[in-house]
Amino acid sequence: MAQEKPASIIPLLSRALHRIRSTPPRVIASPPTQPRRAAVALIVRVVPSPSSPPPSSPLTPPTLSEFFEQEWVNDPNARPEILFLHRQNASADEVSLAQPRARSSQESHVAFPGGRTEPDDEGGLYTAMRQTWEEIGIDLAERQYTCIGQLDDREITTSLGKRLLMILSPFVFLQVAPDAPLPDPIDSTSLHWTPLTSLISPSTPSSWSTVTVDAASRLAPKHNTALRLLIRLLIGTMEFPAILLDTSSPSPILADTKSQSTLEKGVPARPPQNLKLWGLSLGMTLDLMSYMIFPAPTSCFSAEDIDSTVSSPLLGSMQLPYQAEFENLRVDVVAPSLASVFPRFSYPDVNFWIWVFGKRYRAVVRGWEASVRSGGTNDRRINWSGSALSNFYAAIRKALVVVIVARALGILFGVGFALWWLFSR
């Protein structure tokens, strides 16, 4: 069967980057009450095949189309990779850009290079490039790199969506040369070039896991220990979907005699055993991957488009967890990043009441699906992801009120019944 042969990721990557370049991002303006912004860089490269002669670097940077027409890029053994980093001592701003802190100290979480926009920055693109240079020593202004475009802005919120922290702008970069100057990350940061095939593979789907977050960290003040313990007892914890990254196979080529740990990881240390991609970083990664997915067949597509849709390996491999929560919705095709931010609670009744109050956010997702199926791309006038998240967080808040009140009434009833039983004897 033809499907037994592993599909090349290069054509899908080419499709995604061309779509990102031609699709205007949805830019969210900062409200006057919260002007803080940040930007990150998603850096993609193609590592030449180790079994082929080293390709020569072009004198002038190729265009995007020229890059994907090169022989070494289309070599079956060439390997597309995306750069993640792990911050050993992340600051408060860096944590907010990646995800909230998880409970387990045995887990290591990855993010993208980037950070907060400074007053002197000329814009989000400048911020992403400056932060990348300062943190990991990669100069994205050099001729070896080109900016593909920007993904949609994201709102970073806290307190279950009630308070806006900042607006985040993700920018996608491509290394258009077969080699580039070595990175020079700061001591507390390690770099991890991850093969895209470990995230997108029809034969070996991604290894999904979860990250547990204390729900009290989202609802109670940091220094109110008693309230945190009470909320933890009443509500439990939240579980976010996560992808376990494969760090066992290093890049096949090295441009220096330094050790692999020093070159790729920044510090000569053993890679973390549980390296997880989740939260905002997972959402942005899935946004990038979603541009590789062919639209579902409709009457507006030609027969050639329908054949391409059937042959797309992503339709069978990007099976995200918790799809039972989205009945009759093709989340893997329409909005895969939604699955990265919708948590499940450790108490089943909390999840039940979220479903009860979740009619509006399910309607938003259906509208998103209708927009994609009718035109092939998202309606840029509507902030679909923001609307879905705000309605989902509203459902969580209503569910938590019902659960806490029910728990309180249950405790009062139990205490009252115990007192009645003791004094009626």
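1. A salt bridge is taken here as a side-chain nitrogen of Lys or Arg within 4 Å of a carboxyl oxygen of Asp or Glu. The model under discussion is predicted. By the stated cut-off R228 has no salt bridge, because a partner must lie within 4 Å, while the nearest side chain of opposite charge, D214, is 4.8 Å away. R228 is nevertheless buried.

2. The setting of R228 deserves inspection. The residue belongs to helix α6, which covers residues 225-235. Beyond its neighbours within four places in sequence, R228 is in contact with A216, S217, A220, P221 and K222.

3. On the overall architecture, the chain holds 14 helices and 12 strands. It has 425 residues, of which 48% count as buried. Of the contacts between residues at least 6 apart in sequence, 78% join residues at least 24 apart. The accessible surface of the chain is about 20,800 Å², and carbon and sulfur atoms account for 56% of that area.

4. The largest nonpolar core comprises 46 residues, and L17, F68, L174 and L199 are those with the most contacts inside it. Two or more residues each come from helices and strands spread along the chain: α1 (10-22), β1 (37-47), α2 (64-69), β2 (79-87), β7 (163-175), β11 (275-278) and α8 (279-290). Another core, of 26 residues, lies apart from the largest one; I235, F345, Y361 and L389 are among its members.

5. L17 offers a convenient view into the largest core. Not counting residues up to four places away in sequence, L17 touches L64, F68, I148, V172, L174 and L288. Two of these partners, F68 and L174, are themselves listed with L17 among the residues with the most contacts inside the core.

6. The count of salt bridges comes to nine. One of them joins the side chains of R37 and D153, at 3.0 Å from N to O. R37 sits in strand β1 and D153 in the loop between β5 (145-150) and β6 (154-158), so this pair ties together parts 116 residues apart in sequence. The two ends differ in burial class: R37 is partly exposed, with a relative accessible area of 22%, whereas D153 is buried, with a value of 3%.

7. A second pair, D121 and R130, also forms a salt bridge, with the closest N and O atoms 2.8 Å apart. Here both D121 and R130 are buried.

8. R407 and D349 form a further salt bridge, in which the closest N and O atoms are 2.6 Å apart. The pair links distant parts of the chain, since R407 is in helix α14 and D349 in helix α12 (residues 348-356), 58 residues apart. Both residues are partly exposed: R407 has a relative accessible area of 22%, and D349 has one of 27%. Elsewhere, R45, R79 and E81 are joined into one network by salt bridges that share partners.

9. Finally, the surface carries a nonpolar patch of about 1,100 Å², made by I411, F413, V415, F417, L419, W420, W421, L422 and F423. One of these residues, L422, is placed in helix α14, which runs over residues 384-423. Helix α14 is also the element that holds R407 of the salt bridge with D349.

Notes. Residues are numbered from 1 along each chain as its sequence is written. This is a predicted model: local features need pLDDT of at least 70, side-chain atom pairs count only at pLDDT 80 or more; totals for chains, interfaces and linings use all residues. Side-chain values use heavy atoms; hydrogens and water are left out. A nonpolar core is a set of buried Ala, Val, Leu, Ile, Met, Phe, Trp, Tyr and Cys residues joined through side-chain atoms within 4.5 Å. Buried means under 20% relative accessible area, exposed over 50%, partly exposed in between (1.4 Å probe, protein chains only). Helices (H or I, at least four residues) and strands (E, at least two) are DSSP runs, numbered from the N terminus. Contact means heavy atoms within 4.5 Å. Lys and Arg count as positive and Asp and Glu as negative; His and the chain ends are not counted. Patches are made of residues with over 30% relative accessible area and no salt bridge: like charges are joined within 9 Å, nonpolar side chains (Val, Leu, Ile, Met, Phe, Trp, Tyr) within 5 Å. Accessible areas come from the Shrake-Rupley method with a 1.4 Å probe; for residues, only the protein chains shown count as cover.
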